[in-house]
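Here are some short exercises on a ligand and its surroundings. Have the viewer open and work through them at your own pace.

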Amino acid sequence: MITLLDYGAGNVRSVKNAVEKLGGTLHTVASPEDILSAEKIIFPGVGNYENMIQVLNRKGYMKPLREYLASNRPFFGICLGMQALFQGSEEDLSNTESIGFFQGRVERFKTKLSVPHMGWNGIHLKQDSPLMQGIGPDARFYFVHSFHLVPHDPSVVLTTTTYDYAFASAIQQGNIIGTQFHPEKSGKHGMQLLENFIRLSDFTPCGRVDIPGCGLSRRIIACLDVRSNDQGDLVVTKGDQYDVREKGDDDGKGGVRNLGKPVDLARRYYEEGADEITFLNITGFRDFPLADLPMITILEQTSENVFVPLTIGGGIKDYTDADGRHYTALEVADRYFRSGADKISIGSDAVDIAKAFVETGKKTGQSAIEQISRVYGAQAVVISIDPRRVYVASPEDAGSHHVIQTRIPGPHGEAFCWYQCTVQGGRTAVDLDAVTLARACEKLGAGEILLNCIDRDGTGAGFDLELIRAVKQAVSIPVIASSGAGCADHFSEVFTETGADAALAAGIFHRKEVPIADVKAYLAEHRIPVRQSQRP
Ligand code: 1PR
C-alpha cells in the first residue's frame, strides 16, 4: 500500500497512473493521521514552493511528516516533494518554515542557459542504492525546474546532474529518498525506479560509487491539433498554413482532415519515443473548454498509458458561461492539470495580456499567465505564438516592431521582415511582433515558448530559422521550434542553427513519413544529444 500525499497542486494523476500500472495500491492522504499510519509515502510536488509549504502548514501535515521521516519508513519525494525536505527555498519570498529534515536550501539556477532547466537529462550516480537497480548509465530522466537543491551534507546526495554546473538531482539517506526529476514522466527508466520503490522495502545504500551518466538531450515533441469534425467526433487534424479542410470540393470547403484518434496517436508517439506530447484544441478560442468534456477525457485516457510530459492548449482564458458563471483561466488550467496535463499552453489570451503589459508597463497580477505561474510554477505555463511574416522594404517601415534582415526576400524583393502575432488560429492579425510578445510573456512568468509559424505550417519546407533565432536570442526561457518539419535534416538544422531547446512536428509524424526513431537516429549521427527511443 502506497500513501500518496496530494496537497492539491499540479498533476498527481500521472503518479497515480504509474503506480497503478505497476500493480501498486494507492491511498490518498486525507488527514494528518493518514501520514502517521502510512507504510510508504510518495510525495509528488509540482508548482510553486511557497504555495506548497503554506498548504502543508494549513492542513497540519508538517508535524506528522517530520515524525514519519524520523521513523525512517520509506518516503519518496518528487521535485518539490524532495525540496520540501530541506530548510527553505529562494522561491519562497515569505520564508515560511519548511520540513527541515535535511540541512540545506533550494536556490535558483545561476546560469546563462535557459531556465527552467527543462527536458531529459542524465544522472551521475554517487551511492550504490537498491533504488537504482536495473538503471544503466544511459538513462535519462525528465527534469523541469528553475530551482535546485544545495544540501549541506554531501553524503546525502544520491545523484548529481549537470546543467552548466553539477547540482544534486537525487538524495537519499536510509529509506528517505527524493528526486528532482519526475520518474512518472520519464518513460521506461522512470517506471523502473518507481517499480523498485514499490517492490522493495529496504533502500539502505551499500556504499559510495562514482558512475557518470549522459547529458541533457534536445527534445522531439509530437503535436496533435484536435478539433471536432463535421460529424461531431473529436479528431486529430492537420492544416496547411492553418487551413485544416480538405481541398478539391466544388465550393473549396472540404471536410476537416482526419488523421486519427487523439488517444491512439498519443500512445503511438509515446511508444515511438516522443519526448513530449502536445495537444492543441484548435477551436478552443471559440468554445468554452470545460464544456468540451471530450478534451478532458482525452487527457485522462492518455495519461493512463503515456508516461512523458503532456501539454494542452486551446481556450485557456477567463470565461463566463451561458448561465453567467465566471471561470478564471486558473480554474480552466486547474481542470486540465487534474486531468493529466503537466503544462498548459496559452495562445490568443497571451497576445492580449502581453499587449496590455507592453502598453502600460504594469503587471496586474491578475492575468492568466501570472495567476497560473504563481500557483503551478513558470514551468507549467507555455506561450503558443502564431506569427506570420510581414515584409518591409526598410527597417523604418516596421515601426517599433522587431525587424530582421532576411535571406528569404519578399514578393517584391524586400530584404526585411517582422513577425506579426495573430489570434484565433491565425484569423486575426494583431499589432504586436513575436519577439516583443515572447519577452513580455517571460517577464509575466511564462516558462516556455512554443513558436509556431503560419508561413511554414504543414509545408514541409523546414523550420523558419530566422524567426526561431530571433526569439531564442530574446528570451532566457526554453523555446520549442515548430512548423515546417519535412525531413530529419530539418531537425538537425534547427538545433544547430538556432539553439532551440526542442523541436515540434505534426504532419510528418501523422503521415508516417519520418518516424520519430529515425529523426533521433539522424540527430545522434550528427552528434546532437537525444534520448534514444526505447520501447516502454
Ligand atoms: O488561442 O489559446 O485558444 O490556443 C489555440 C491553439 O491552437 C494555439 O496554440 C494555436 O497555435 C493552435 N491553432 C489554432 N488554429 C490552428 C490551426 O491549425 N488552424 N494550430 C492551430 C496550430 C500549429 C502547430 C503545428 C505545427 C507543426 N498548429 O502546432 O502542429 O505547425 O506542424 P507541421 O509539422 O505539420 O508543419 P488559444
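**Exercise 1.** Find which residues come nearest to the ligand in this predicted model.

*Solution.* Start with the shell: 25 residues lie around the ligand, and Lys238, Ser348, Ser384, Asp386 and Asp457 come nearest. Next, sort the shell by class, which gives eight nonpolar, 13 polar and four charged residues. Finally, look for elements that supply at least two shell residues each: β14 (219-228) and β28 (502-505) do so.

**Exercise 2.** Identify polar atoms of the protein that pair with the ligand, using a cut-off of 3.5 Å.

*Solution.* Begin with Asp386, where an N or O atom of the side chain is 2.6 Å from a ligand oxygen. Then take Asp225: one of its polar side-chain atoms lies 2.9 Å from a ligand nitrogen. Gly507 uses a polar backbone atom instead, 2.9 Å from an oxygen of the ligand. Now check the burial: the ligand alone exposes 770 Å², and the protein buries 98% of that.

**Exercise 3.** Describe the pocket that holds the ligand.

*Solution.* The ligand takes up space in the largest pocket, which has about 850 Å³ of space. Of its 46 lining residues, Tyr242, Leu280, Ile282, Asp386 and Gly425 are closest to the centre. Elements giving two or more residues to this lining include β14, β28 and α10 (348-360).

**Exercise 4.** Work out which element gives the largest share of the lining of the second largest pocket.

*Solution.* This pocket has about 580 Å³ of space. Its 30 lining residues include Asn48, Glu91 and Phe147, which are among the closest to its centre. The largest share, three residues, comes from α11.

Technical notes. Residues are numbered from 1 along each chain as its sequence is written. This is a predicted model: local features need pLDDT of at least 70, side-chain atom pairs count only at pLDDT 80 or more; totals for chains, interfaces and linings use all residues. Side-chain values use heavy atoms; hydrogens and water are left out. A residue is near a molecule or strand if one of its heavy atoms lies within 4 Å of it. A polar contact is a pair of N or O atoms within 3.5 Å; within protein, one must be able to donate a hydrogen and the other to accept it, and residues adjacent in sequence count only if both atoms are side-chain atoms. Accessible areas come from the Shrake-Rupley method with a 1.4 Å probe; for residues, only the protein chains shown count as cover. On a 1 Å grid over the protein atoms alone, a cavity is a set of points where a 1.4 Å probe fits but cannot get out, and a pocket is an open set with protein on both sides within 12 Å along at least five of seven lines; lining residues have an atom within 4 Å of a point. A molecule sits in a cavity or pocket if more than half of its atoms lie within 2 Å of its grid points. Helices (H or I, at least four residues) and strands (E, at least two) are DSSP runs, numbered from the N terminus. Ala, Val, Leu, Ile, Met, Phe, Trp, Tyr, Cys and Pro count as nonpolar, Asp, Glu, Lys and Arg as charged, and the others, Gly among them, as polar. Grid points are joined across faces, edges and corners, and a volume is the space filled by probe spheres set on the points.
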